[in-house]
Every structure is written in C-alpha cells, then in structure tokens.
Amino acid sequence: MTQLEENKPEVNDTPLVPIEKIVSLCKRRGFVYPNSEIYGGVSGIYDFGPMGVEFRNNIRRYWWWSMVQNHDNVLGIEGAIITHPRVWEASGHVENFVDKLVDCKKCKRRFRTDHLEPENLEQHKCPVCGGELTTEPRVFNLLMETYLGVVEGDRMKTYLRGEACQDIYLDYDNVLKSSRVQIPFGICQIGKAFRNEVTPGNFLFRQREFEQWDLQFFVHPSEMQKWFDYWKEFRYNWYTNIINHKDRIHFREHAPDELAHYAKQAFDIEYRTVLGWQEWEGIHWRQDWDLSRHSQYSGQDLSYTDPNTKERYIPWIVETSGGVDRTFLNLLLDAYEEEPDPSGKEPRTVLHLNPMLAPVKVAVLPLQKNKEELVSTAKDIHKKLQRLMVSQYDDVQNIGRRYRRQDEIGTPYCVTIDFQTLDDQTVTVRERDHMTQERIAISELPMYLLERVSFK
Ligand code: GAP
C-alpha cells in the first residue's frame, strides 16, 4: 500500500472507486497506456491512447474556452519546454525545489519527510514495518537536467521546465508590448512540466512528465485581494461544474510552513478519492516574487507604468495552477460506476462524464448489420454527425452489447437506426445515464445533440 492510500478518507458516502479499476478500464478501452511498456515501462510516465487523447483534448479545450475565450482581459501563449538555465536560478527552483527523503533501514522503503506523520518523524519509525528510519534526510532537487549543444566542454546544462508557468513571466513584457492589454490582465498557458519526483505513483496522480494549466493574472498591489478572491471562486466553480460528486471538493488553506517558496498565501482546491483529500489545483498569491526576481537576474526592467496615472510598479500576480492529468484521473474516478443489472447479469460499467468532455459524443448503430438499408442510412447519419462532433459507427454484436461498450467510455448518446427509421425518418436516441429513449427526426438530430454536448 502506498503512503497516499493509507490516508483513506473517513467520511461515508457512495463508495470511492479503487484506482486499479480506472487503470484497468484505461488500458482496456484505450485511454492510457504505460509508456515504453514493451521494455518494462518507466515509472511515472504514461501515454494516452485513442480515447484518452480525445478526452484530454476536450478537457484542455474547455479550460481554454472558459479562461481565455470567455475573458476579455486574458490572453494565451505557448512557451518552450527548455529555457535559459538562469530562469531556474531566478525562480528559486535550483535552490528550493527539493524533496527530503528518509529511508527505512529494515524494509528499505523511502519516505518523503513531508508525507510522514509527526510521530514517525520524531521517533524515526517506519510507518509500514516499524523499522528504524535514517535520521538525516537526503535532499533531492526535482528539476530534470538536460544539455544543449553537442561538443563536449561547450555543452550548456539547463533544465526541462519544472513548472510550466515560468514561460509566462518570461513572455510577460512581450505580451504587454504586442497586445492592447493593460493591467489588470492575465496570461494563460497549457503545457508539459517535468519533475524528478522521488515517489511517483498512483497512476496519473504523481508523474514525472505531466501537464499543467496556468493562469498568471497581473494586478496593481492594491487590487490583489479582489482578484485573488475572484479567481479562487471562479476556479472552484469551474471544477464543481464538471463533477458529479459535489461533496468531494473543498478548499484547503496552506499553513505558513507548507507554503511554496514563491507564495505568500495559498489555497488548494482538493478532491476526495480513495487516496484521501488531495490537491487538484493551487491558487497562489505570488505577489511580486516572479517579476522582481526575473528583473534582478536578467537585468531587464519588468516594471509597469500605468498609462493614466504614470505610476510605476512591479505588478503582483495571482496564479491558478492545476494539472491536466490530475483532472483526467479525478474525472474518471468521479464518473466511474458499476451499476447492478436488475436481470442479474454482469453489472453495467458506465462513465458518467459530463457530455461536453466525453471522448465520443454519439454512437450511430444500425439495428442489424445484414440489412443494407439500415446500414446505409446509419453510415449516412454518422458521416453527417462526424463533421460536427466525434461520432462512432458500430454494427458489431447485438445492440445491448454495443450500448454497454459505449457506456464504458462515457458516450452520452447512442442513435439507433431501425425499421421505423426507413418509414418515418426518425431514430431512437438513447441517453447514457438514465437509459431513456426518445424518437427524434433525423433532420433535428444535429441540433438536438449539439445543444447537449457543447461547452456551457
Ligand atoms: N506553478 C505552480 C505549481 O507548479 P504545483 O502545486 O507544484 O504548483 C500545480 O503544481 C498542479 O500541477 C498541481 O495542483 C497538480 O494538479 C499538478 N501536478 C503537480 N505535480 C504533479 C505531478 N508530479 N504529476 C501530476 N500532476 C502534478
């Protein structure tokens, strides 16, 4: 059992889904595969399969739509993964981005000191086997090193970005000068980050290569509290909007001794799974740390002059920083259900994903595959829907099995073409969660579905 799994929640409500169920579904149905599996895999690194990539793109797009497209004062960038090495000195990561580890002398397990209970830490006692823990923690920097250049001796050591947001500070002045924005305004980015996590694990929860979504919102110091409160609430509502179990989300404020080196105040949006309450996204009061440090280390003046008052100052920053992969995992844990079958057959496995995020929006199913007219009508409908949304055509096995296959990947609507279709040009639309069925005219189908699967 991992350290996180030991931290099981005590609140009783509908059963929490074991991670293993999600790992198995993800492999079986093409959401996630272990990277380099044929070579035995690499701990903390994963690939996304055909369903996974659709789901992930929808999650990303919905974030972008809400944060950038729907805010006049927020713009997007896409920065590089490799930056000048001085960036990580200025950011404080070379000095401070560390994990402290102790080892058990008996069972040889390793523990992060910040994950141990105080009594285990004080008594140097292993929480798993009771053996003795080493007393002096070993310190590990999480930044992943890489080298630029090919000639030995001329190669420059740098790092893969340890947090994606640094590019936003690096491009802040360029965005300001090349766009018609003024403070207050924000810059968003979605991108990969890399950390040599010493305890990767729990599937997508703690990886070594993962993706973050960040907003850095630049404000006048006197408006910091107002914008901190605005984004804190906005982000909380955003997550609440895409989950089913609204009782499994809350805020947790960081105690002074757990604040990251750049944060003066921080709240985590946490979600409760079988791993306990865990961070999903951090809302950080970064103040002027980043722009001041980059001004100091680069020698470039990153202060802002208010065009109206002519006041000159270093903007303060509200950061909202979350994980795409953690969202992917939490949404699957939130959506997964094995419903007992009243007829006593195998339970129905269903993903109750929000329709706007589901990887496949609609499946088009001819009732029988040996009736040419049913098949050609179904293929025709599928081709038309495909231009608007992700649609799957399926004529393999009986209709019940086909519904089950779609339920398992969270497809919100199945359209069945039957003999009545040939007479009156209507189809049956079956809804995933309640398994209710409606008759809809083929001509109304695109609008019917679009209304239900579009971002809102
Ligand atoms: N720029 C601030 C920052 O990076 P963080 O709390 O270290 O803050 C933000 O990371 C988010 O990135 C976390 O809330 C989490 O969702 C995600 N994240 C962090 N480390 C991760 C890892 N090793 N694997 C997967 N997601 C991770």
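Me: Which strand gives the largest share of the shell around the ligand?

Reply: Strand 13 does, with 5 residues. Keep in mind that you are looking at a predicted model. To read a binding shell, ask which elements line it, and then who sits closest. Here strand 10 (209–219), strand 13 (276–287) and strand 16 (316–323) each supply at least two residues of the shell.

Me: How many residues surround the ligand, and which are the closest?

Reply: The ligand is surrounded by 21 residues, and the closest are Glu163, Gln207, Glu279, Trp280 and Glu319.

Me: How does the shell divide into nonpolar, polar and charged residues?

Reply: There are 6 nonpolar, 6 polar and 9 charged residues in the shell around the ligand.

Me: Which atom of Glu319 comes within 2.8 Å of a nitrogen atom of the ligand?

Reply: For a polar contact, look for pairs of N or O atoms within 3.5 Å. In Glu319, an N or O atom of the side chain lies 2.8 Å from a ligand nitrogen. Gln207 uses its backbone instead: a polar backbone atom there is 2.8 Å from a nitrogen atom of the ligand. Trp280 also brings a backbone N or O atom, this one 2.9 Å from an oxygen atom of the ligand.

Me: How much of the ligand's accessible area does the protein cover?

Reply: On its own the ligand has 560 Å² of accessible area, and the protein covers 94% of that.

Me: Strand 13 came up earlier. Where is Gln287, and is Gln287 buried or exposed?

Reply: Gln287 is in strand 13. A residue counts as buried under 20% relative accessible area. Gln287 has 16%, so Gln287 is buried. Its side chain makes a polar contact of 3.1 Å with the side chain of Trp285.

Me: Let's turn to charges. How many salt bridges does the structure hold?

Reply: The structure holds 36 salt bridges. When you read one, check the distance between the closest N and O atoms, then see where the two partners sit. Take Lys21 and Glu338, whose closest N and O atoms are 3.0 Å apart. Lys21 belongs to helix 2 (residues 19–28) and Glu338 to strand 17 (residues 336–339), so this salt bridge ties together parts that are 317 residues apart in sequence.

Me: Why do Lys21 and Glu338 count as partly exposed?

Reply: The partly exposed class runs between the 20% and 50% cut-offs. Lys21 has a relative accessible area of 35%, so Lys21 is partly exposed. Glu338 is partly exposed because its relative accessibility is 33%.

Me: Which residue pairs with Asp167 in a salt bridge, and is Asp167 buried or exposed?

Reply: Asp167 pairs with Arg161, and the closest N and O atoms are 2.7 Å apart. Asp167 is buried, at 5% relative accessibility, and Arg161 is buried too, at 3%.

Me: What about Arg348: which residue is its salt-bridge partner?

Reply: The partner of Arg348 is Glu339, with 2.9 Å between the closest N and O atoms. At 3% relative accessibility Arg348 is buried, and Glu339 counts as buried at 16%.

Me: Which residues are linked in a network of salt bridges?

Reply: Arg56, Arg60, Glu211 and Asp325 are linked in such a network.

Me: And on the outside, which residues make the nonpolar surface patch of about 280 Å²?

Reply: That patch is made by Ile81, Ile82, Leu148 and Met156. Ile82 is a good one to find in the viewer: look in the loop between strand 3 (74–76) and helix 4 (86–90). With 36% relative accessibility, Ile82 counts as partly exposed.

Me: How far apart are Glu438 and Ile242, in sequence and in space?

Reply: Sequence separation and distance in space are separate readings, so it helps to take both. Glu438 and Ile242 are 196 residues apart in sequence, and their C-alpha atoms are 25 Å apart. Glu438 sits in strand 23 (residues 437–441) and is partly exposed, with a relative accessible area of 38%.

Me: To finish, how many helices and strands does the chain have?

Reply: The chain has 14 helices and 23 strands. Its C-alpha atoms fill a box of roughly 75 × 65 × 50 Å along the principal axes. Of its 456 residues, 51% count as buried.

Notes: Residues are numbered from 1 along each chain as its sequence is written. This is a predicted model: local features need pLDDT of at least 70, side-chain atom pairs count only at pLDDT 80 or more; totals for chains, interfaces and linings use all residues. Side-chain values use heavy atoms; hydrogens and water are left out. Patches are made of residues with over 30% relative accessible area and no salt bridge: like charges are joined within 9 Å, nonpolar side chains (Val, Leu, Ile, Met, Phe, Trp, Tyr) within 5 Å. Accessible areas come from the Shrake-Rupley method with a 1.4 Å probe; for residues, only the protein chains shown count as cover. A salt bridge is a side-chain nitrogen of Lys or Arg within 4 Å of a carboxyl oxygen of Asp or Glu. Helices (H or I, at least four residues) and strands (E, at least two) are DSSP runs, numbered from the N terminus. Buried means under 20% relative accessible area, exposed over 50%, partly exposed in between (1.4 Å probe, protein chains only). A residue is near a molecule or strand if one of its heavy atoms lies within 4 Å of it. A polar contact is a pair of N or O atoms within 3.5 Å; within protein, one must be able to donate a hydrogen and the other to accept it, and residues adjacent in sequence count only if both atoms are side-chain atoms. Ala, Val, Leu, Ile, Met, Phe, Trp, Tyr, Cys and Pro count as nonpolar, Asp, Glu, Lys and Arg as charged, and the others, Gly among them, as polar.
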